[in-house]
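Please look over the chain shown below with its strands, its helices and its pockets in mind. The briefing that follows takes these topics in turn.

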Amino acid sequence: MAVLTKPQQRLRRRRRVRAKVRGTAERPRLSVFRSNRGVFAQLIDDNEARTLVAVAWTETELRGLESIGQAKRAGELLAERAKQAGIETCVFDRGGYRYHGRVRALAEGAREGGLSF
């Protein structure tokens, strides 16, 4: 058996989670991607294969913040946009990352913004 690199391990975890978590129009999937420079999040309807709402660290409101604060504000922004789109609940897809640090901050920010999962 070959030794997997860290990105390969994350992709394996991501596929395992994705097999169980499915988003619909009423309850979309909150997908998180964490890069070295920032965080991206989307609400996805898997039935239609459409992104309903998205937020990225490259937006002007998020650029100057430190990493944890940036992730938390991104979650709040995502929740605001979801409310405007008529979405109140979702399923959380951590994308193979540990529920820790920026991923956790984004989830808490989304909850504080009014999104439930």
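Strands β1 and β2 form a hairpin in which four residues lie between them, and the two strands, which run antiparallel, are joined by six bridges. This is a predicted model, and the hairpin belongs to an open sheet of four strands, ordered β3-β2-β1-β4, whose pairing is mixed.

**The sheet and its edges**

- The edge strands of this sheet are β3, covering 50–56, and β4, covering 91–93, each of which pairs on one side only.
- On average, and with direction ignored, neighbouring strands of the sheet are turned by 20° against each other.
- Strands of a sheet pair through backbone hydrogen bonds, and this pairing may be either parallel or antiparallel.

**Strand pairs, one by one**

- Between β1 and β2, Phe33 has Phe40 of β2 standing opposite.
- Strand β2 is also joined to β3 by six bridges, again with the two strands running antiparallel, and here Ala41 stands opposite Val55 in β3.
- The hairpin of β2 and β3 has four residues between the strands, and within this hairpin Ala49 takes a positive phi near 55°.
- Strand β1, made up of residues 29–34, runs parallel to β4 and is joined to β4 by three bridges.
- Two residues of β4 can be matched with partners in this parallel pair, since Val91 lies opposite Arg29, while Phe92 lies opposite Leu30.

**Helix α3, between sheet and helix α4**

- Helix α3 packs on the sheet, where it touches β1, β2 (39–45) and β3, and the direction of α3 makes about 145° with that of β3.
- Helix α3, spanning residues 67–84, also packs with helix α4, spanning residues 102–112, at an angle of about 35° and with the two axes 7 Å apart.
- The crossing of α3 and α4 is right-handed.
- On the α3 side, the residues that meet α4 are Ser67, Ile68, Ala71, Lys72, Ala74, Gly75, Glu76 and Ala79, whereas α4 contributes Arg102, Ala105, Leu106, Gly109, Ala110 and Glu112.
- By residue class, this contact of α3 with α4 divides into seven nonpolar, three polar and four charged residues.

**The largest pocket**

- The largest pocket holds about 290 Å³ of space, and its lining is made by 13 residues.
- Which residues lie nearest the centre of this pocket? They are Arg10, Arg13, Arg34, Gly96 and Tyr97.
- Helix α1, which covers residues 6–20, gives the most to the lining of the largest pocket, with six residues.
- The lining of the largest pocket divides into three nonpolar, four polar and six charged residues.

Definitions and conventions. Residues are numbered from 1 along each chain as its sequence is written. This is a predicted model: local features need pLDDT of at least 70, side-chain atom pairs count only at pLDDT 80 or more; totals for chains, interfaces and linings use all residues. Side-chain values use heavy atoms; hydrogens and water are left out. Axes are lines fitted to C-alpha atoms, for helices over the stretch in contact, and angles run from 0 to 180 degrees between N-to-C directions. A crossing is left-handed if the near helix is turned anticlockwise from the far one by less than a right angle, and right-handed if clockwise. Contact means heavy atoms within 4.5 Å. Ala, Val, Leu, Ile, Met, Phe, Trp, Tyr, Cys and Pro count as nonpolar, Asp, Glu, Lys and Arg as charged, and the others, Gly among them, as polar. On a 1 Å grid over the protein atoms alone, a cavity is a set of points where a 1.4 Å probe fits but cannot get out, and a pocket is an open set with protein on both sides within 12 Å along at least five of seven lines; lining residues have an atom within 4 Å of a point. Grid points are joined across faces, edges and corners, and a volume is the space filled by probe spheres set on the points. Two strands pair if DSSP finds at least two bridges between them.
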